[in-house]
Amino acid sequence: MRILLVEDDPLLGDGLRAGLTQAGFQVDWVRDGEAASRELRSAVHAAAVLDLGLPRKDGLEVLAETRRAGVRLPVLVLTARDAVSDRVLGLDGGADDYVVKPVDLDELAARLRALIRRAHGQTQDLLAAGEVVLDPAARTVTRAGEPVVLSQREFDLLHALMLNAGRVLTREQLEQHLYRWGREVESNAVEVHVHHLRRKLGAELVQTVRGVGYLLPG
């Protein structure tokens, strides 16, 4: 899953990006409130981690503007502001979660997975489609109880399709799920990953909607 990290501290931001990448996220990182406002409206991320003490525009202002614009992206506020009044302002201002620094990276990753899951109407930790079961936390997939080895891109593609089961995703949408900024994407990359998923998990798992995109039946 592709997420947006908004953090102005270069050392902390680098550590968060590295830790979340290791947890399986594709991380785009911006360092000021103006850039955050722009990217939060881009509709390419599954969730955002937002600091509040930002240059150019405060994080609470960014959050308020984002919600007024109708953006429903899950936002986790990660900040040093630890007073109860600050938590109330953040949550009432539109944050889906509020975490005080410092934070354990495993916990942060788990909170992001939970926000993304709930945003897609999923109540269970595991995602299932017929005999195929995907565990987002362990990044494992089984078919009829047997483990299936997927590449990172194959796993992320399957994860996106399972989160959106019953909904057609275009190739562009899937590319946005799979690749962060600065990654060159081959024109047939999604088609290749879909081919590999069908070979490993069954030809019927992912359906092609001609001229539109791909669908995992709900």
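Me: What covers the buried residues of α7?

Reply: This is a predicted model. The cover over the buried residues of α7 includes the strands β1 (2–6), β2 (26–30), β10 (169–170) and β12 (213–215), together with α6 and α8 (189–201).

Me: Which residues of helix α7 are buried, and how should their spacing be read?

Reply: The general idea comes from helix geometry. An α-helix has 3.6 residues a turn, so residues three or four places apart point the same way. In this structure, helix α7 spans residues 171–178, and its buried residues are Leu174, His177 and Leu178. Seen down the axis of α7, these buried residues fall within an arc of 90°, so they line one face of the helix.

Me: Helix α6 is part of that cover. Is Glu154, which lies in α6, buried or exposed?

Reply: The idea here is to compare relative accessible area with a cut-off: a residue counts as buried under 20%. Glu154 has a relative accessible area of 5%, so this residue is buried. Its helix, α6, runs over residues 152–163.

Me: Which residues does Glu154 touch, and where does a polar atom of its side chain lie?

Reply: It helps to set aside residues that are neighbours in sequence. Not counting those up to four places away, Glu154 touches Val149, His193, His196, Leu197 and Lys200. A polar atom of the Glu154 side chain also lies 3.0 Å from the backbone nitrogen of Ser151.

Me: How should a record annotation be read alongside the model, and what does UniProt list for residues 2–116?

Reply: An annotation comes from the record, whereas the geometry is computed from the model. For residues 2–116, an unreviewed UniProt entry lists "domain: Response regulatory". Over this range the chain is 45% helix and 20% strand, and the end C-alpha atoms are 10 Å apart.

Me: At which residue does UniProt place "modified residue: 4-aspartylphosphate", and where is that residue found?

Reply: The unreviewed entry places this feature at Asp51. In the model, Asp51 is found in the loop between β3 (47–50) and α3 (59–68). Asp51 counts as buried, because its relative accessibility is 5%. Leaving out residues up to four places away in sequence, Asp51 touches Val6, Glu7, Asp8, Gly59, Leu78, Thr79 and Lys101.

Me: One of those contacts is Lys101. What is the form of the peptide bond from Lys101 to Pro102?

Reply: The angle to read is omega. The bond from Lys101 to Pro102 is cis, with omega near -5°. Pro102 lies in the loop between β5 (97–100) and α5 (105–119).

Me: How far apart are Ala47 and Ile3 in sequence and in space?

Reply: Such a pair is read by setting one separation beside the other. Ala47 and Ile3 are 44 residues apart in sequence and 5.1 Å apart in space, C-alpha to C-alpha. Ala47 lies in strand β3 and counts as buried at 0% relative accessibility. Its contacts beyond four places in sequence include Leu4, Leu73, Leu112 and Ile116.

Me: Which residues have a positive phi, and where do they lie?

Reply: Here the backbone angle is read together with the residue type. Ala43 has a positive phi of about 60° although it is not a glycine. Ala43 is found in the loop between α2 (33–40) and β3, and is exposed, with a relative accessible area of 70%. Ala144, also not a glycine, has a positive phi of about 55°. Ala144 lies in the loop between β8 (140–143) and β9 (146–148).

Key:
Residues numbered from 1 in each chain as written. Predicted model: local features only at pLDDT ≥ 70, side-chain atom pairs only at ≥ 80, totals over all residues. Heavy atoms only, no water. UniProt positions renumbered as here; feature names shortened; annotations may be inferred. Helix = DSSP H or I, 4+ residues; strand = E, 2+ residues; numbered from the N terminus. Buried < 20%, exposed > 50% of the residue type's maximum accessible area, 1.4 Å probe, protein only. Polar contact = N/O pair within 3.5 Å; in protein donor to acceptor, adjacent residues only side chain to side chain. Contact = heavy atoms within 4.5 Å. Arc of directions from axis to C-beta.
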